[in-house]
Each structure stands twice: as C-alpha cells, then as structure tokens.
Amino acid sequence: MEERKLLHSFLAESQKGLPPRRMKDSYIEVLLPLGSEPELREKYLTVQNTVRFGRILEDLDSLGVLICYMHTKIHSVKMSPLSIVTALVDKIDMCKKSLSPEQDIKFSGHVSWVGKTSMEVKMQMFQLHGDEFCPVLDATFVMVARDSENKGPAFVNPLIPESPEEEELFRQGESNKGRRIAFSSVSLLKMAPSAEERTTVHEMFLNTLDPKTISFQSRVLPPNAVWMENSKLKSLEICHPQERNIFNRIFGGFLMRKAYELAWATACSFGGSRAFVVAVDDIMFQKPVEVGSLLFLSSQVCFTQNNYIQVRVHSEVASLQNKEHTTTNVFHFTFMSEKEVPLVFPRTYGESMLYLDGQRHFNSMSVPVTLRKDNFVEP
C-alpha cells in the first residue's frame, strides 16, 4: 500500500486528460492447463469428476480485474495507478458442454464499454475438445475504478471502437447500463408488484386455502409443493487473511464461490437430484468484506418451474467486536435439476416478494430453455 501511494501523482483530474484505448489493448487470453498439470487439476476437481464452477467464478473475477488493469495501464511506468474493484456480475450464461477436468481451459476477454469511472468487461471461456476450443460460457462483469489507495472514485481511459462489431459491443454496453437502471427502478423494494404479479400471488394464496374450512388463516400445501420457508440452507465462514486482496479486504471471487456452493447444495437438496448451473446474474457487491469478519450466508429456493430452480443467496457480515449484521451481497443462480422439481409456495407477503423477484430473474435468463441438462456443470 505504501508503494501504491506513490501512484497518486499519475491519477487524472478528468477523463479528457487520459489517452483513449482500443478494445484490443485490453484483450487477454489465459490458459488453465488442467490437461497437462495433474497437481493443478486437484484444486478444480469435483467428486463427480467434473470441474468446480465455484473455482471458475474465482478465475473470472481475477481475469476481469486484470483486463481493466490492462486498459488503464500507463506504459511509461508499466502499471496502472488505479484500484479496480468488482461492482457487479451482470450475467454469466452457460453455453454447452459439461466441463472435463482433464482438458485445458482457455479464458479470453476485453473491456467492451467504458463510463467515466466504470468499465464493462466481456469474457468467454472455452474448453479443448479434440483439436479445437469449444465455447462454454459468456460472462459480463462491471468493474469500478478507485484511486491508488481505494479511497475514492477515479477516471478511466475512454474507449474507442474500431469496427462495426466493436461499435455494436459498445452500444450493447450502454444498453446494459440502461437495463440495469430500469431493473433497479422497478425493484420490489421500491415499487409495488405489477397487476399481473399481484394476480400470480393471489392465485397462489387461493391454491393454499384449506377447502374444509375456507378460512384466510387455514393454509394447506397443494400436491407436489413445498413451503418456501422449508427450502433454506445457511452457512458461516470466518474470513481469514488467506482470502484477502491487496487492499486487505476479502477477495470477491471467494465470496462468489462460497455463495455458489451453498446455492448448489440448496438446489440439490430441494430437487432431490444433482443440479446443474444454467445462469448467474445480478450479483451486486454492495459493501466490502473485512478480514476477520464473520460471513453469514443464507440460501433459499425462491422460484421453480418444471426442472428449473431459482436460488437466492443473501450474504451479510458481522465483526467480532460489533454484533450488528450488514448486507454485503445478494446472489442469484439458476439451476437445472435432473428431474422435475416441486413447486415452491410463499406463506408470507415478504416471501411472496421473494418469489416474484426470483421469477423476474428467471424470466431474464437468456439461455434457451431447450438446452439439455447434460450440457451444464456442477460446483
């Protein structure tokens, strides 16, 4: 951190003072040699002989930061004066092919859109099949730039598209920003549900009324259904220094891995069979997690349809000295089960809002519903 203080003199007072960059300036390809390094493979291996998706989340987070450092690097000092922090995992969509722990994996990515202090990063992951690398996933992260000591926002180099394809990527980045703002503005924490959503909740309520008593107080579950309150799993992590980043905070990829693994266990427990991740979206990093904190993770099935399970993980921290709990992250994962899963029913108004929020995230999924479950990967 003492060395980073010396970089303050390189910070720009406005974005106009920074040289523009091209998308290819930040383009990176990274090889994960699972096929040729068996000792590395052990870190990525599941008991089902597949690749741990939680580890992939960690790698994507690290790669996103590295790409942004490439975009903002000052060539004369061969480093960036900025601190790059993950603000949001906008979308991770699985394409196809389950992951083999015995074949090399390739990551690639670049900055695709730039605001004044934020950057959107597009990343792809491929795995070797035969002689070619086949696509496995597409990921979109949003990173924010802070000053050298991570104390305040900082300007980033503007981005200049050089081809029609790059211009389309940049426009898509603008569109994604607008979509996120619109999605946030109609959040159920701010606005009442739509008329269609209110009808959905009321119909679910009517389906749980006891036909014998016909009372608002008497509730019974329909066939093949589970109360939402019975679909929870919880865990606790002690945030040791081993998981810290250069700013002495807990690495965001570690938080994603722990949340994902709890969500996967929740989906498996709820569905009664193996679950396969289909999509990850809208992971907002609201507050940093300090070393030494107690990290409380609460996972809950909030929406189901056919053999799809939508899981929400709420993350909060408490320091050892201060017992107050503070929300740091909310994670949204979509899984596919091997067989059709029960319907999940809310019992309270708060749970009804969780159900509608889960439905919204499920409906925003861009993965085709026709994809087969054997295309997906495990934790």
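The exercises below, each with a worked solution, concern a predicted model.

**Exercise 1. Cysteines**

Determine how many disulfides the structure holds, and follow the reasoning for Cys-95 and Cys-268.

Solution.
Step 1. A disulfide is a covalent bond between the sulfur atoms of two cysteines. In the model, the pair of sulfur atoms must lie within 2.5 Å.
Step 2. For Cys-95, the nearest cysteine sulfur is that of Cys-134, 11 Å away. Because the cut-off is 2.5 Å, Cys-95 is in no disulfide.
Step 3. For Cys-268, the nearest cysteine sulfur belongs to Cys-302 and is 16 Å away. Cys-268 is likewise in no disulfide.
Step 4. The count for the structure is 0 disulfides.
Step 5. The surroundings of the two residues can be added. Cys-95 has a relative accessible area of 22% and is partly exposed, while Cys-268, at 15%, is buried.

**Exercise 2. A salt bridge between partly exposed residues**

State which residue forms a salt bridge with Arg-22, and classify both partners by accessibility.

Solution.
Step 1. The partner of Arg-22 is Asp-25, and their closest N and O atoms are 3.0 Å apart. A salt bridge requires such atoms to be within 4 Å, so the pair qualifies.
Step 2. Arg-22 has 32% relative accessibility and counts as partly exposed.
Step 3. Asp-25 has 25% relative accessibility and also counts as partly exposed.
Step 4. This pair belongs to a structure with 13 salt bridges.

**Exercise 3. A network around Glu-58**

Find the salt bridges that Glu-58 makes with Arg-55 and Arg-257, and place the three residues in their helices.

Solution.
Step 1. Begin with Arg-55, whose side chain meets that of Glu-58 in a salt bridge of 3.1 Å, N to O. Both residues lie in helix H3 (residues 53-72), where they are 3 residues apart, about one turn of the helix.
Step 2. Check the accessibility of this pair. Arg-55 is buried, with a relative accessible area of 15%, and Glu-58 is buried at 8%.
Step 3. Turn to Arg-257, which meets Glu-58 in a salt bridge of 3.0 Å, N to O. Arg-257 lies in helix H6 (residues 252-271) and Glu-58 in helix H3, so this pair ties together parts that are 199 residues apart in sequence. Arg-257 and Glu-58 are both buried.
Step 4. Collect the shared partners. One network of salt bridges joins Arg-52, Arg-55, Glu-58, Arg-257 and Glu-261.

**Exercise 4. Two crossing helices**

Describe how helix H5 and helix H7 are arranged, and list the residues in contact.

Solution.
Step 1. Helix H5 covers residues 195-207 and helix H7 residues 349-363. Their axes come within 11 Å and cross at roughly 125°.
Step 2. Angles of 65 to 115 degrees count as roughly perpendicular and those over 145 as roughly antiparallel. The crossing angle fits neither class, and H5 and H7 are therefore oblique to each other.
Step 3. The crossing of H5 past H7 is right-handed.
Step 4. On the H5 side, Glu-197, Thr-200, Val-201 and Met-204 make the contact. On the H7 side, Ser-352, Tyr-355, Leu-356 and Arg-360 do so.

**Exercise 5. The setting of Gln-300**

Decide whether Gln-300 is buried or exposed, and name residues in contact with Gln-300.

Solution.
Step 1. Gln-300 is found in strand S9 (residues 294-305).
Step 2. Its relative accessible area is 10%. Buried means under 20%, so Gln-300 is buried.
Step 3. Neighbours within four places in sequence are left aside. The contacts of Gln-300 then include Met-228, Glu-229, Ser-231 and Lys-232, as well as Gln-310, Val-311 and Arg-312. Glu-351 and Leu-354 are also in contact with Gln-300.

Key
Residues numbered from 1 in each chain as written. Predicted model: local features only at pLDDT ≥ 70, side-chain atom pairs only at ≥ 80, totals over all residues. Heavy atoms only, no water. Buried < 20%, exposed > 50% of the residue type's maximum accessible area, 1.4 Å probe, protein only. Helix = DSSP H or I, 4+ residues; strand = E, 2+ residues; numbered from the N terminus. Axes fitted to C-alpha atoms, helices over the stretch in contact; angles between N-to-C directions. Parallel < 35°, antiparallel > 145°, perpendicular 65-115°, else oblique. Left-handed = near helix turned anticlockwise from the far one by under 90°. Contact = heavy atoms within 4.5 Å.
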